[in-house]
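Me: I have a chain open on my screen and would like to understand the labels people put on it. Could you take me through the reasoning behind them?

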Amino acid sequence: MSEMTVTDARSRLSEAVDTARVSHEPVYLLRRGRRVAALIDAVDLAHLIEAAEDLEDLRAANAARTEMADTGEGPVPWEEVKAELGLA
């Protein structure tokens with residue numbers, strides 16, 4: 001893990017970006033000794049966003065299953081959904 005002040009990052013931005021890109025570890029930017037931001041590799045960020053979206057999908061699916069179990073309703077057949085939407 002790497003840390004540098006925001007002031008240092010201004011003068012050494014290229015180095016900070018290269019460190020984050022090569023090490024695949026965040027470079028934390030500090031202001032008054034506290035972390036205020038982080039530089040991370042763009043590919044790593046894309047993976048984190050994808051993982052967060054996948055997790056949200058799993059949570060929504062679990063919530064739907066719980067709701068179906070609580071109400072005693074089963075899933076709606078695909079053909080019925082298409083008919084209701086005028087797609088069939």
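Reply: Happy to; what follows is a set of questions and answers on a predicted model.

Me: Let's start with the overall layout. How many helices and strands does the chain have, and in what pattern?

Reply: The chain has four helices and three strands. Along the sequence they follow the pattern β-α-α-β-β-α-α.

Me: Why is the chain called more spread out than a compact globule?

Reply: The globule rule gives 12 Å for 88 residues, while the radius of gyration of this chain is 23 Å. That is well over the rule, so the chain is more spread out than a compact globule. The C-alpha trace spans about 60 × 30 × 20 Å along its principal axes. As for cover, 12% of the 88 residues count as buried.

Me: Now the charges. What makes Arg-12 and Glu-15 a salt bridge?

Reply: The cut-off is 4 Å between a side-chain nitrogen of Lys or Arg and a carboxyl oxygen of Asp or Glu. For Arg-12 and Glu-15 the closest N and O atoms are 3.1 Å apart, so the pair falls within the limit of 4 Å. By this rule the count comes to four salt bridges.

Me: Are those two partners buried, exposed or partly exposed?

Reply: Partly exposed is the range between the cut-offs of 20% and 50%. Arg-12 has 34% relative accessibility, so it counts as partly exposed. Glu-15, at 42%, is partly exposed as well.

Me: How do you know that Arg-21 and Asp-18 form a salt bridge, and where do they lie?

Reply: Their closest N and O atoms are 3.6 Å apart, and the limit is 4 Å, so the pair qualifies. Both residues lie in helix H2 (residues 13–23), three residues apart, about one turn of the helix. Arg-21 has a relative accessible area of 43% and is therefore partly exposed. Asp-18, at 35%, also counts as partly exposed.

Me: Which residue does Glu-79 meet in a salt bridge, and why are the two about one helical turn apart?

Reply: Glu-79 meets Lys-82, with an N to O distance of 3.3 Å. The two are three residues apart in helix H4 (residues 78–84), so about one helical turn separates them. Glu-79 has 51% relative accessibility and the cut-off for exposed is over 50%, so Glu-79 counts as exposed.

Me: What makes up the negative surface patch?

Reply: The patch is formed by Glu-50, Glu-53, Asp-54, Glu-56 and Asp-57. Asp and Glu count as negative, so the patch takes that name. One of its members, Asp-57, sits in helix H3 (residues 42–71). With a relative accessible area of 52%, over the cut-off of 50%, Asp-57 is exposed.

Me: And which residues form the nonpolar patch?

Reply: Ile-40, Leu-45, Leu-48 and Ile-49 form it, with about 340 Å² of accessible area together. Leu and Ile are among the side chains treated as nonpolar, so the label fits. Ile-40 lies in the loop between strand E3 (34–39) and H3. A patch member needs over 30% relative accessible area, and Ile-40 has 35%, which makes it partly exposed.

Me: What is unusual to look for in the backbone at His-24 and Arg-32, and where are these residues?

Reply: His-24 has a positive phi of about 55° although it is not a glycine. Arg-32 likewise has a positive phi of about 55° and is not a glycine. His-24 lies in the loop between H2 and strand E2 (27–31), and Arg-32 lies in the loop between E2 and E3.

Me: Why is Arg-32 called exposed but His-24 partly exposed?

Reply: The dividing value is 50%. Arg-32 has a relative accessible area of 82%, so it is exposed. His-24 has 45%, so it is partly exposed.

Me: Last one: how far apart are Ser-23 and Met-1, in sequence and in space?

Reply: They are 22 residues apart in sequence and 9.0 Å apart in space, C-alpha to C-alpha. Ser-23 belongs to helix H2. Another such pair is Ala-64 and Pro-75, 11 residues apart in sequence and 9.4 Å apart in space, C-alpha to C-alpha. Ala-64 lies in helix H3.

How values were computed:
Residues are numbered from 1 along each chain as its sequence is written. This is a predicted model: local features need pLDDT of at least 70, side-chain atom pairs count only at pLDDT 80 or more; totals for chains, interfaces and linings use all residues. Side-chain values use heavy atoms; hydrogens and water are left out. Patches are made of residues with over 30% relative accessible area and no salt bridge: like charges are joined within 9 Å, nonpolar side chains (Val, Leu, Ile, Met, Phe, Trp, Tyr) within 5 Å. Accessible areas come from the Shrake-Rupley method with a 1.4 Å probe; for residues, only the protein chains shown count as cover. The place of a charge is taken as NZ of Lys, CZ of Arg, CG of Asp or CD of Glu. Buried means under 20% relative accessible area, exposed over 50%, partly exposed in between (1.4 Å probe, protein chains only). The radius of gyration is taken over C-alpha atoms; the globule rule is 2.2 Å times the number of residues to the power 0.38.
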